[in-house]
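Grab a pencil and work through a few short exercises on a protein chain. Try each task yourself before you read its solution.

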Amino acid sequence: MTRRLSTALFCSLAIFATAARADSVKVKIRVILVDKDLNQKPVPFLNLQLKNIAGAKPAVELKTGLDGTAETQLPEGRYMLSTPKAAELGNKRFTWKLEVALAGAEKKIDLTNDNAKVEEIAAAAPSAAAAPELTEQFKLLKNSVVTVLSESGHGTGFFVDARGLILTNSHVVEHSGYLAVQFDPEHKVAARLLASDSQKDVALLWAKTSSFPAAVAAPLAQAEAGKSAVQEGERVFTIGSPLTLDKILTTGVVSKVEPHTIMSDININPGNSGGPLFNSAGKVIGLTTFGNRGSSGPGVSGIVRIEEALPMLEQNRGKLAGVPPSDTLLPVAPAKPYPIEGLKAVLQAEKYDASPYHFNAGDFEVGISTPPSDFREDEEKRLKAERERQKRNKKQGHAADSSSTVETPRNWEAEAGAHKAIIRILVFPKAKEGFWSGMGRSMAPYSPAKVKFKTDFYKMRLLCGEKEIEPIHPGKIPLVMAVQNSAVSFNDSALAGIYTYGPDALSPSCGQVRLEIFPAKDLTQPVVKILEPKTIERVWGDFEAFRKAQTGPGATNTPTTPPATSAKPYHRHGLAKWAQHIAPLSQQRDPASPAAAGDAG
């Protein structure tokens with residue numbers, strides 16, 4: 001009886017819910033404008049109101065998200081859709097007020113230029129001194145911008161005074177034992193963290209400017225009485241180090257000005273985080289922080305307003321006491337890329353032995369990456385896929401053909417320029433099954449093995465003989481394993497090391513090359529690994545083509561910006577077993593990257 005009553009009650013509730021749903025409409029509103037250049041611009045944080053024309057209930061209020069969309073659930077009927085405040089784009093102001101009928105399961109509404117009431121905004125009177133052209137502004141202001149390097153990758157920063165104070169994002173530099181700033185391809189020095197506010201995402205660094213004689217301070221915008229230093233619809237630009245590039249200009253338009261942030265359609269790539277956002281007068285109005293890609297448009301970017309950083313800056317201006325950071329120039333990567341001829345030559349050998357590049361060291365697996373080894377192993381994957389195709393066609397009786405469905409890298413000769421002449425040493429912690437997991441499986445053999453990382457990577461030293469080789473970039477990346485199946489349960493996280501060195505770091509003249517890897521569980525007892533002669537000889541031989549190119553006609557030894565840790569994947573063969581499960585512990589504010597692990601920002 002109880003069961004029958006429960007079943008009847010459940011059926012009644014299901015019928016009631018179905019009836020309720022039948023009268024409810026899912027409303028999806030998208031607000032998107034088209035500028036004079038025919039670019040689509042989502043309108044974020046725009047207030048919307050939906051008022052039932054026949055009812056006495058108050059209007060339902062919504063606000064669009066970063067992608068310019070908003071959703072709600074409303075009963076069927078006729079509604080008045082309106083915007084209490086206008087959206088501005090360029091020199092125009094847009095408002096909407098239209099009647100909509102809600103019926104069916106879902107209703108999509110687009111608010112665009114076509115159904116808006118448009119008002120022209122009076123152009124501001126030109127100032128006595130007209131703003132300089134963008135090209136001139138870039139020339140004047142690019143020397144205020146630096147690349148900020150930390151263990152997690154790189155971002156951007158900018159000088160705010162002649163003594164070497166630099167503003168950047170907190171997320172670019174936080175939790176890093178290594179900080180440096182690079183002014184141009186040849187000049188990189190150590191930096192010191194003076195203050196950081198993770199809530200506002202601003203940080204203040206100090207670096208000596210004596211190594212950067214051309215450096216200038218970026219002018220900071222000051223709000224006038226009753227007027228903001230930035231206006232919605234104003235054209236803005238930023239100078240940053242996106243991806244692995246150096247001092248790139250990007251432009252956009254201010255979409256929305258909030259009390260603490262600015263929203264814009266400006267494109268913020270990995271590496272731009274912490275850079276200055278300039279207004280049309282060439283003054284800093286904010287710090288570029290994150291980008292959000294829209295599914296139906298270009299998306300928007302978030303900028304911390306410069307007012308958020310000013311209190312920190314003023315509090316620390318008078319605290320530049322004690323020993324300043326060193327102005328000794330730090331190692332940078334060679335300017336010339338690895339030569340194309342060297343990459344071609346590595347494909348000539350029919351057989352390829354990758355074992356010298358991979359070995360064990362205590363609780364770690366170690367891999368060494370060079371441009372030729374990377375290029376050859378990528379080619380091995382392509383050839384393997386092609387052999388499988390030919391084997392399948394032969395088995396199915398297809399006629400043999402010389403075509404290939406697996407393309408060789410497009411424009412590979414041009415792409416070869418992206419191969420920096422550097423050595424990467426990758427250190428990944430090993431994993432093991434726990435004691436109690438093993439005991440449990442001895443009694444229940446079909447239960448999954450519970451696996452954990454043995455330790456975390458902390459730091460590493462590379463010694464040529466008894467001399468320590470200073471890395472170009474000592475990097476770390478977070479790993480997370482999320483594997484759950486009938487055989488294995490592996491849910492854990494750890495830190496791995498990605499250290500970049502110059503092409504001469506592993507030389508036969510060292511006599512002995514030693515790695516000292518410090519695990520986080522015991523910093524007093526490093527894991528010591530003596531590299532085998534065949535490893536040293538192979539790595540040294542990989543750069544023979546580069547050394548010949550350096551001594552040829554017109555050769556120079558000019559260094560360049562060190563590659564970010566997100567420049568290309570780090571796993572190779574022996575380490576590749578981690579690849580399908582490794583992911584950053586948390587996404588950076590910037591879009592993209594394995595690493596996004598590598599852009600700090």
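Below are four exercises, each with a worked solution.

Before you start, note that this is a predicted model, where local features need pLDDT of at least 70, side-chain atom pairs count only at pLDDT 80 or more, and totals for chains, interfaces and linings use all residues. Residues are numbered from 1 along each chain as its sequence is written, and side-chain values use heavy atoms, with hydrogens and water left out.

**Exercise 1. Get an overview of the chain.**

Step 1: Start with the helices and strands, which are DSSP runs numbered from the N terminus (helices: H or I, at least four residues; strands: E, at least two). The chain has ten helices and 37 strands.

Step 2: Now check what is tucked away. Buried means under 20% relative accessible area, exposed over 50%, and partly exposed in between, with a 1.4 Å probe and protein chains only. Of the 601 residues, 45% count as buried.

Step 3: Look at contacts, meaning heavy atoms within 4.5 Å. Take those between residues at least 6 apart in sequence: 70% of them join residues at least 24 apart.

**Exercise 2. Find the disulfide and describe it.**

Step 1: Recall that a disulfide is a covalent bond between the sulfur atoms of two cysteines. Here the test is a pair of cysteine sulfur atoms within 2.5 Å.

Step 2: Searching the whole structure gives one disulfide. Its partners are Cys464 and Cys510, with sulfur atoms 1.8 Å apart.

Step 3: Place both ends. Cys464 is in strand 31 (residues 457-464), while Cys510 is in the loop between strand 34 (488-501) and strand 35 (513-519), so the pair, 46 residues apart, links distant parts of the chain. Their C-alpha atoms are separated by 4.9 Å.

Step 4: Add the details. The angle about the S-S bond is -100°, and the link is left-handed. Cys510 has 11% relative accessibility, so Cys510 counts as buried. Neighbours within four places in sequence aside, Cys510 touches Cys464, Gly465 and Ala505.

**Exercise 3. Explain why Phe183 and Phe212 are called stacked, and see what surrounds them.**

Step 1: Learn the rule. Rings of Phe, Tyr and Trp (its six-membered ring) pair if their centres lie within 6.5 Å; planes under 30 degrees apart count as stacked, over 60 as edge-to-face and the rest as tilted. The structure holds eight such aromatic pairs.

Step 2: Apply the rule. The centres of Phe183 and Phe212 are 5.2 Å apart and their planes are at 20°, so the pair is stacked.

Step 3: Check burial. Phe183 has a relative accessible area of 6%, so Phe183 is buried; Phe212, at 2%, is buried too.

Step 4: Widen the view. Phe159 joins Phe183 and Phe212 in one aromatic cluster.

Step 5: Look for charges over rings: NZ of Lys or CZ of Arg must be within 6 Å of the ring centre and within 35 degrees of the ring normal. Lys247 lies over the face of Phe183, at 4.1 Å from the ring centre. Elsewhere, Arg538 has its charged end over the ring of Tyr352, 5.7 Å from its centre.

**Exercise 4. Compare the span of helix 6 with its expected span.**

Step 1: The expected span is 1.5 Å times one less than the number of residues.

Step 2: Helix 6 (residues 371-395) has 25 residues and reaches 36 Å from first C-alpha to last, close to the 36 Å expected.

Step 3: Look just past the helix: Gly397 follows, with a positive phi near 80°.
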